[in-house]
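Me: Please take a close look at the pockets in this predicted model. What lines them, and which elements supply the residues?

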Amino acid sequence: MRIELQKRANVSTLFSIISPLLALLLTLVFGAIMFWLLGKSPLGSLYIYFVEPLLEVWSLHELAVKAAPLILIAVGLAVCYRSNNWNIGAEGQFTIGAITGSILPVLYPEWHSWAILPLMMVMGVIGGALYAAIPALLKTRFNTNEILTSLMLVYIAGLFLDWLVRGPWRDPKGYNFPVTKSFQVEAVLPEILDSGRAHWAFIFAIVAAMALWFMMRFMLKGFEVSVLGQSERAGRFAGFSARRMAWFSMLLSGGLAGLAGISEVSGSIGHLQPSISPGYGFTAIIVAFLGRLNPLGIIASGLVLALTYLGGEAAQAALQISDKAARVFQGMLLFFVLSCDTLIHYRIRLILAGAKTAEAGA
């Protein structure tokens with residue numbers, strides 16, 4: 001006996017639309033069960049996790065801070081995935097973008113100019129794009145699987161950052177902590193409002209999502225992304241190049257991940273340190289699929305996943321649970337999103353060995 005997935009002839013439009021909401025509902029149900037098994041009140045725990053972080057102004061600012069990198073990275077990944085190029089290494093591109101964008105404030109701390117911040121952002125974009133160009137080159141030149149190469153590059157980027165902050169870029173006045181010098185005032189991304197920490201990275205994220213939505217909806221490049229993603233052969237008949245699309249999508253997603261990296265370091269941290277991300281590059285994959293690979297949907301899903309970070313921190317403090325239990329919501333959400341999509345597009349069939357033998361004999 002074996003299990004097979006058979007593609008459905010007709011896919012329900014209604015279920016395709018409500019699939020993310022269904023996945024979110026299932027996540028809440030199984031999350032409540034998890035809290036019950038941990039000996040906590042299910043409803044009270046869900047309130048602390050998903051509602052309490054939305055009741056204070058400062059916490060809404062924190063929500064924007066955490067949503068900004070998720071949205072920036074996810075909209076770039078959405079273009080990749082819709083074009084059938086699978087960039088899994090946004091975490092590494094995020095890290096390299098943070099490093100390249102920090103060159104000026106770390107190596108030239110005495111430079112005080114209005115130009116330093118725009119240059120940092122541009123250098124972060126270039127760094128992330130160039131790092132994403134490595135798997136693009138390997139795929140288009142040597143037919144290497146970009147999933148493996150982009151993922152392996154994440155660990156190289158993390159180790160490179162660790163070496164920098166513990167070695168040549170370590171602040172000699174940092175009491176032997178592995179951090180760089182704090183950025184000068186001109187190198188810090190300003191806050192949007194005086195009432196909290198939310199900075200301009202959130203504006204970058206919204207602008208990027210709107211721009212890519214416009215591209216996918218109204219521009220020839222967006223049509224090219226969709227056609228090549230659905231059928232490379234049909235794209236060739238239309239005169240589109242899968243090779244050029246691999247470069248375009250990888251550079252775009254890498255550049256946006258790099259922008260997210262330098263924005264996070266400049267706006268939220270103020271210096272480089274061994275750990276600058278709680279896994280934004282990987283969580284952004286969930287954001288992209290929860291948002292149905294639609295830039296406008298990604299804005300909403302980015303806020304939802306950012307809430308899981310805030311809620312996880314609140315649950316750790318209030319419920320005395322580990323960070324692993326708090327983060328399990330992200331894994332459950334991805335699992336249910338993919339499961340719902342699979343069951344919407346495919347039906348499960350059980351194939352019995354006896355039935356196969358009889359069918360072959362007939």
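Reply: In this predicted model, helix α11 (242-269) gives the most to the lining of the second largest pocket: four residues. That pocket has a volume of about 230 Å³. Its lining counts 14 residues, and the closest to the centre are Asn84, Asn85, Lys139, Glu232 and Ala242. Besides α11, two other elements give two or more residues: α6 (116-142) and α9 (220-230). By class, the 14 residues split into seven polar, four nonpolar and three charged.

Now the largest pocket. Its volume is about 750 Å³. Here 16 residues form the lining, with Trp86, Phe289, Leu293, Asp341 and His345 closest to the centre. Two or more residues come from each of α3, α9 and α14. Helix α14 gives the most, with four. The lining has seven polar, six nonpolar and three charged residues.

Phe289 also belongs to a helix contact: it is one of the α12 residues that meet α3. The axes of α3 (57-82) and α12 (280-290) come within 8 Å and cross at roughly 65°. The crossing is right-handed. On the α3 side, the contact includes Leu70, Ile73 and Leu77. Twelve of the contact residues are nonpolar, two are polar and one is charged.

Helix α14 (323-345) also serves the largest cavity, where α1 (13-37), α13 (295-319) and α14 each supply at least two lining residues. That cavity holds about 30 Å³ of space. Its lining is Leu24, Thr27, Phe50, Val304, Thr308, Phe329 and Leu333. Five of these are nonpolar, two are polar and none is charged.

Notes
Residues numbered from 1 in each chain as written. Predicted model: local features only at pLDDT ≥ 70, side-chain atom pairs only at ≥ 80, totals over all residues. Heavy atoms only, no water. Axes fitted to C-alpha atoms, helices over the stretch in contact; angles between N-to-C directions. Left-handed = near helix turned anticlockwise from the far one by under 90°. Contact = heavy atoms within 4.5 Å. Nonpolar A, V, L, I, M, F, W, Y, C, P; charged D, E, K, R; others polar. 1 Å grid on protein atoms, 1.4 Å probe; cavity = no way out; pocket = protein on both sides within 12 Å on 5 of 7 lines; lining within 4 Å. Points joined across faces, edges and corners; volume = space filled by probe spheres on them.
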